[in-house]
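Thank you for passing this one along; my comments follow as numbered points. Please read them with the structure open beside you.

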Amino acid sequence: MAPPIARSPRPPPHPPQRAGQLSWGGAGPWAPQEAAAGVKLPRRGRAGERGAGRRSGARRTMAAAAAPGRARRGAPMYSKELTSKKRDEFEDILEERRLSSDLRYAMKCYTPVIYKGLSPCKPNAIKSAVLQSEQVQYVIKQLAKEMGESPDIIQEEATEILDEMGHSMQLRAVRFFAFTLSKIFKQLFQRVCVNEEGMQRLQHAIQEHPVVLLPSHRSYVDFLMLSYLLYTYDLALPVIAAGIDFLGMKIVGELLRRAGAFFMRRSFGGNRLYWAVFAEYVKTMLRSGYAPIEFFLEGTRSRTAKTLTPKFGLLSIVMEPFFKREVFDTYLVPISISYERILEESLYAYELLGVPKPKESTSGLLKARRILSDNFGTIHIYVGQPVSLRTLASGRINWCPYNLVPRHLPQKPSEDIQEFVSDVAYKMELLQIENMVLSPWVLVAAILLQNLPAMDFELLIEKTLWLKGLTQTFGGFIEWPDNLCAKKAVMSGLTLHSNIARLVEGRVVLNDKGVEDGAIGEIVFKHALAILMCATYRNQLLNVFVRPSLVALALQMTRSFRKEEVYSCFSFLRDVFSDEFIFFPGVSLKDFEEGCFLLTKCDAIQTTQQEIYPTDKGSVLLSFLSAMFRPFVEGYQLVFRYLSKETKEAFTEKQFIPGVRNFVFQLLEKGKTQCYEVLSSDMQKNALGALVQLGAAKKKKLSSGFTYTVNQEAVNKILDMFDARIPVQKPVAARL
């Protein structure tokens with residue numbers, strides 16, 4: 001474990017700073033007054049730093065330590081506001097539903113405004129346009145020639161693919177869902193709150209250019225709720241990319257198709273015909289503009305409530321019509337959906353502990369009716385500012401490859417385009433994260449997990465209020481219940497989440513009933529289940545704190561005040577945890593600056609040109625931030641230790657997950673660790689992925705799947721860096 005944070009009795013006074021000079025001193029580039037005055041920091045790319053003005057020696061050294069590679073072109077695509085920003089107010093859309101007839105609501109006159117007044121395309125007309133498109137016909141002819149088949153046979157296969165995938169939106173099905181979902185949502189949720197200004201911006205965007213909706217993904221409720229929301233506001237219903245698994249649900253799958261869902265296979269990279277038909281189907285719907293296209297950048301539901309790293313395939317497809325100048329612009333709309341209590345919370349915890357995910361089925365859906373008697377609190381839906389793809393691409397895109405090749409010919413995106421798509425994906429996810437709403441229970445969960453097995457109720461209230469202020473200072477979006485004092489807000493959260501924690505004789509404990517009974521392995525499992533469910537809510541807070549927390553951890557691990565050493569350790573941790581948290585690519589130094597600025601703002605650290613000093617006042621804050629992320633540090637250490645000792649030959653992920661889980665179970669049973677969170681398969685996979693990125697493990701694709709081999713010497717060096725036995729070396733992969 002890392003040593004405690006070293007503190008200096010009193011840092012030396014700050015050196016004088018000349019007007020206009022960007023410095024690593026205390027006021028430096030983090031000062032709020034400079035940000036307010038419009039001072040812009042130089043652009044940071046992978047190749048180091050480019051910018052005007054003088055730099056200190058420490059800054060040059062740290063810039064040189066930034067991750068190597070080609071610098072990104074153009075201005076920074078994403079820049080978080082470090083001062084508090086005004087957000088839209090929310091309206092409860094269920095309030096009106098509780099006062100009027102659901103049948104009247106479902107049968108209302110529904111005449112949504114659409115893109116430039118176009119008439120809606122019928123689903124069959126879209127399919128015909130796809131089959132007759134030059135791109136699909138080109139691929140059909142190529143495959144017929146290569147396989148020696150008749151083009152008619154390939155055409156028939158393409159038709160079958162379209163019939164499997166295509167939506168068949170019908171107003172009758174939409175009205176059925178409007179009526180049914182209205183009943184269900186009123187039963188499940190106290191409130192469904194929406195920022196109406198966001199809905200007005202979306203209405204305007206839909207009339208101007210094709211729109212792509214990019215919601216966060218925490219629950220199956222997400223896509224149902226968005227369609228319900230757009231119907232409520234008389235906006236065009238989206239066509240939704242859904243997994244092919246839903247087609248296995250009798251009746252329900254077909255109803256979803258008629259409500260606008262189109263279905264995609266989980267993997268089809270090697271099937272050229274399927275890829276051509278799917279891509280052309282999505283692009284045809286986008287070019288016609290009659291309905292927004294909706295999909296989840298994360299690709300699947302997050303089982304941990306942390307945002308997953310983005311998938312680029314669908315995003316690349318919806319951007320292609322703009323690259324080929326088939327549309328003038330495309331609006332990307334980030335949407336943040338926040339749950340006070342997630343419907344699948346217990347199901348997710350079981351999945352993370354290795355219990356197989358139940359297959360989607362109609363019978364399973366009917367069995368889930370019992371949740372209708374539960375209370376799941378409030379949902380907040382924040383519709384973000386539509387982002388113009390044309391604006392993002394300005395100065396970034398080289399149009400030559402698209403100008404020289406006929407539009408219908410398939411072509412691999414250039415390196416510039418791939419980098420641009422990646423940047424856009426990360427920008428959209430960071431915008432989602434910015435507008436995620438945090439409830440008081442999220443704060444309670446974060447504090448409770450640092451004070452197990454029990455915590456005094458009055459102290460919990462006091463700490464929750466402290467964390468509320470800190471979260472708001474760091475830019476978190478907290479929605480505190482109206483007119484509720486801290487005690488009632490905390491008690492309300494405990495009541496809503498009584499399946500996770502409870503109040504017993506003035507102390508709050510995890511609700512892991514029955515852990516005293518049964519075999520020791522069963523006790524460990526039940527306790528891990530309670531901790532993972534609680535961690536789901538704490539995780540919602542982590543992206544607010546990740547940058548200052550990594551600075552705090554770096555100060556622990558380096559045992560040094562030298563700024564360049566702290567930065568090197570920060571950058572190492574950022575690389576290691578790049579699958580756990582969302583960082584914009586290539587701006588490690590900027591993230592370090594943000595973390596230092598926020599800690600300076602709270603008087604937790606003071607800085608000079610060359611050094612960073614924790615203050616006496618800041619010791620509590622720095623210890624809290626380090627402890628919040630300690631499960632990830634300790635969890636990764638345990639996974640790395642398992643890989644350095646237990647694995648000698650190539651292995652698959654299916655072999656790795658049970659192996660590391662058994663390894664940790666034994667340590668927990670013997671009391672040699674208290675890190676229950678490492679039993680999560682999500683953390684285990686991310687730790688393995690980190691070693692691949694750091695060059696300490698190799699991932700090889702075979703016909704049967706992926707295999708991994710580990711360089712045990714390299715893993716041991718990374719472990720030594722975590723344990724602070726050797727200094728962090730940057731870049732890691734080049735040194736191992």
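**Notes on the predicted model**

1. I begin with Asp102, which at a relative accessible area of 4% falls under the 20% limit and is therefore buried. Please keep in mind throughout that the model is a predicted one. Asp102 belongs to helix H4, which covers residues 102-106.

2. The surroundings of Asp102 deserve a look on their own. Its side chain is joined to that of Lys186 by a polar contact of 2.8 Å. Leaving aside residues up to four places away in sequence, Asp102 touches Arg97, Phe179, Ser182, Lys183 and Lys186, so that Lys186 appears both in this list of contacts and as the polar partner.

3. Strand S6 (residues 239-243) is largely enclosed by the rest of the structure, because five of its five residues are buried. Val239, Ala241 and Gly243 point one way from the strand, whereas Ile240 and Ala242 point the other way, and the residues on both sides are buried.

4. Which strands pair with S6, and in what sense? S6 pairs with S8 in the parallel sense over two bridges, and with strand S7 (residues 261-264), again in the parallel sense, over four bridges. Ile240 takes part in both pairings, since its bridge partner in S8 is Glu294 and it stands opposite Ala261 in S7. The connection from S6 to S7 includes helix H11 (residues 252-258), and the three elements together make a right-handed β-α-β unit.

5. Following the chain beyond S8 (293-294), one comes to Lys311, which lies in the loop between that strand and helix H13 (313-323). Is Lys311 buried, partly exposed or exposed? Its relative accessibility is 46%, which lies between the limits of 20% and 50%, and it therefore counts as partly exposed. Although Lys311 and Leu297 are 14 residues apart in sequence, their C-alpha atoms are 5.6 Å apart in space. Lys311 touches Leu297, Glu298 and Gly299, when residues up to four places away in sequence are not counted.

6. A further point concerns an open sheet of three strands, arranged in the order S13-S16-S15 with antiparallel pairing. Strand S13 (454-456) and strand S15 (501-504) are the edge strands, each pairing on one side only. On average, and with direction ignored, neighbouring strands of this sheet are turned by 30 degrees against each other. Within the sheet, S15 and strand S16 (residues 507-510) pair in the antiparallel sense over four bridges, and Leu503 stands opposite Val508 in S16.

Notes. Residues numbered from 1 in each chain as written. Predicted model: local features only at pLDDT ≥ 70, side-chain atom pairs only at ≥ 80, totals over all residues. Heavy atoms only, no water. Buried < 20%, exposed > 50% of the residue type's maximum accessible area, 1.4 Å probe, protein only. Contact = heavy atoms within 4.5 Å. Polar contact = N/O pair within 3.5 Å; in protein donor to acceptor, adjacent residues only side chain to side chain. Pairing = 2+ DSSP bridges. Axes fitted to C-alpha atoms, helices over the stretch in contact; angles between N-to-C directions. Right-handed = clockwise from strand over helix to strand, strands pointing away.
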